[in-house]
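Please look over the structure below before reading the notes. They are meant to be read with the structure open.

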Amino acid sequence: MTEKKEDSIGILRKRLQESSDFPALSRAVTMVSQKASKHEVTSIHDLTGDILDDISITNKLLKKVNTFAYASAQSGGKIDTISRAVFVVGFEKVKNIAMSLLLFESLKDKNSAMRLKEEILGSYLSGSIAREMAGTTGIRNTEEIFIYSIFHNLGRLLVTFLMPYESQKIKHMMEKKKISEQEASRTVLGKSYEDIGAIIAEDWSFSNEMILTMKPIKEKIVPAPRSESDKKHAIVCFSNEMSRIMMSTDAGNAREDFALFIKRYKGCFDVSRDKIAQIADISIHDLSDYMSGLDPKVASAISMEKLTANVEQLRELDENTIKKAAVKKPEPEKIRPLYSSEPREMPQDAVGLLNKGIADISKYISDGRSFNDILNAIIQVMYNAMGFSRVIFGVKNTADFNVVGRYGLGDNIKQIIPDFNFKLSGGSDVFNLVMSKRSDIIIQDINDPNVRSRIPDWYRKLFDSETFMLLHVTVDDRPIGIIYADKPNAGDIKIPQALFTSLKILRDHLLMAIKKSHNT
C-alpha cells in the first residue's frame with residue numbers, strides 16, 4: 001500500500017505505457033511523451049506517421065481543425081493535410097484535437113468497464129455544454145473550450161481505467177464517510193484526482209492555460225471572470241458541474257441541485273436559466289448523435305431519458321426557488337488519515353497456525369531465546385494467522401508515561417511506528433481505558449455513536465482503519481504496553497471466542513518473556 005500511495009503517478013505512467021486495452025490514450029501518450037520532439041518537423045512526422053495512421057481519425061481531425069476560428073480566418077481555404085493544419089493552427093492545437101479524438105475512439109473497445117464508458121461519455125457531454133456556453137458568452141474558439149472541458153477530469157478518468165480497485169475504494173469512501181472526491185482520492189492515492197490530472201497533463205505537454213482549467217473553482221459563489229483565461233476556466237468548471245448533475249442525479253430529482261448550481265454561477269455569466277436549459281437540450285442532442293454511431297453496449301452507459309428529465313427540472317425552476325437555495329457553508333476540514341490499509345483475509349487454517357505458533361513460542365521461551373526474537377515471533381503469528389492489516393506492539397516509556405510504537409508488521413508500518421504514540425493520562429479514550437482497566441477489546445466500528453467519542457484524534461489522524469483490537473500488556477499489575485491490530489472496514493474483525501483466547505495466550509507468552517528478560 002505504501003507504494004500505491006506514494007507512487008500513484010509512477011503506477012499510472014507505467015500502466016499507460018503497458019496498456020493494450022486503452023489504445024487511444026496509450027497511443028496519445030506515446031505521441032506526446034516519447035515521440036514529439038522539440039523540432040516541429042519531427043513532431044509533424046510522428047503525428048502523421050505513427051498516430052494518425054487510421055484514415056478515419058485523420059479525416060475527423062481535419063474536420064475539427066476546419067471548424068476552428070483560426071482556420072476559417074485564413075485566406076488559404078480548406079485545410080486538407082495534417083502538415084497544413086499544423087502550419088495554420090499550430091502543433092499544440094492539432095495535438096490536443098488528436099488526443100480528444102483518440103480518447104473517444106477508445107469507446108469502440110466493447111470490453112472497457114461500464115464506468116469508464118460513462119466517464120468518457122460524460123466528458124463528451126461536458127465538452128458539448130462548454131462549446132455552446134463559449135459561443136453564448138462570446139469566446140471565438142469554441143472547439144478549444146470543448147477540448148479543455150473533456151480533459152477537465154483527466155485524473156479521475158485515468159484512475160477509473162488504470163487503477164479500478166482504487167477507483168472503487170474512493171467511491172466507497174465518499175459514500176460511507178460523506179467526504180469530497182478530492183479528499184477521498186487523496187486519502188487512497190496520496191494525491192487528489194486534481195493533482196494527478198495536472199501532473200499527467202504536464203507529462204503530455206498540455207498548455208498552461210489548459211492545465212489551469214483543470215482546477216476546480218473553490219469559491220461557493222463563482223465571481224465574474226476578470227480575464228479571458230478566467231472566463232475559459234469558469235466555462236469548463238460550469239460545464240463539468242452541469243454535466244455531473246445531469247448524469248448523476250436520479251431522473252426528475254435534480255431541482256435542488258440545479259437551484260444551487262444556478263445560484264453558484266449567477267454572478268459569473270449573464271446567461272438566463274432558459275438559455276442554460278436550451279444549451280443543455282442542444283448538448284443532449286449532440287451526445288445522442290454521437291452515441292448513435294457507437295455499439296449499443298457502449299450507448300447503454302448513459303440514460304438519455306434521465307438527462308432529459310433532469311433538464312426539465314432545470315427549465316421548471318423559478319426565481320424564488322433559486323433565491324431560497326441554500327449555498328452550503330464550507331465545512332471545517334475533516335481529519336484526513338495519513339495511512340490507509342489493505343484488506344487481508346483470515347487464512348482457513350487460522351486455528352492451526354495459532355496453535356503451531358503458541359507451541360513454537362513456548363519452545364523459544366524454554367530455550368532462552370532473546371526477548372526481541374520472541375516479540376517478533378508473536379507479532380508474526382498474529383499477523384499471519386488472523387489476516388490483520390497491521391499488528392503493532394507499543395511499550396510504555398517510563399520517562400514520560402507515553403506508550404510508543406516499538407515493533408510491528410503491515411501496511412506503512414515503518415512510517416507509522418514513530419507516530420504510534422499516546423500518553424497514559426487516565427483519560428476516557430479507548431486506549432487509556434484498556435491500559436487502566438487491564439481489559440482486552442475489539443472496536444467493531446470507530447464511527448458507532450456509542451464509541452465515536454472514545455476514539456482519540458491522534459488515531460483518526462494516523463489511520464483510516466475503522467475496526468481494531470487492543471490487548472493490554474500488564475506485568476505484576478503494572479501497565480507495560482499494548483498490542484494493537486486492525487483491518488480497514490467496520491465489521492471486518494470477526495474472531496470466534498476460541499481464536500480470541502489463543503490470541504490472549506500469545507499475549508501471555510509475551511508477558512512471560514518480559515518477566516524472564518527482567519530476571520536475567
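The points below cover confidence, one helix and some aromatic rings.

1. This is a predicted model, in which local features need pLDDT of at least 70 and side-chain atom pairs count only at pLDDT 80 or more, while totals for chains, interfaces and linings use all residues. Residues are numbered from 1 along each chain as its sequence is written, and side-chain values use heavy atoms, with hydrogens and water left out.

2. The chain averages a pLDDT (the predictor's confidence in each residue, from 0 to 100) of 80, and 76% of the residues score at least 70. Over residues 28-45 pLDDT stays under 50. The same holds for residues 1-6: pLDDT stays under 50 there.

3. Helix α13 (helices are DSSP runs of H or I, at least four residues, numbered from the N terminus) spans residues 181-189. Seven of its nine residues are buried (under 20% relative accessible area, with a 1.4 Å probe and protein chains only). Among them are Glu181, Glu183 and Leu189. Gly190 follows α13 and has a positive phi, near 85 degrees.

4. The structure holds 23 aromatic pairs (rings of Phe, Tyr and Trp, its six-membered ring, with centres within 6.5 Å; planes under 30 degrees apart count as stacked, over 60 as edge-to-face and the rest as tilted). Tyr265 and Phe269 are stacked, because their ring centres are 6.2 Å apart and their planes at 10 degrees. Both Tyr265 and Phe269 are buried.

5. Phe422 and Phe431 form a tilted pair, 5.3 Å centre to centre with 55 degrees between the planes. Phe422 counts as buried at 4% relative accessibility, and Phe431 at 0%.

How values were computed:
Contact means heavy atoms within 4.5 Å. Buried means under 20% relative accessible area, exposed over 50%, partly exposed in between (1.4 Å probe, protein chains only). Helices (H or I, at least four residues) and strands (E, at least two) are DSSP runs, numbered from the N terminus.
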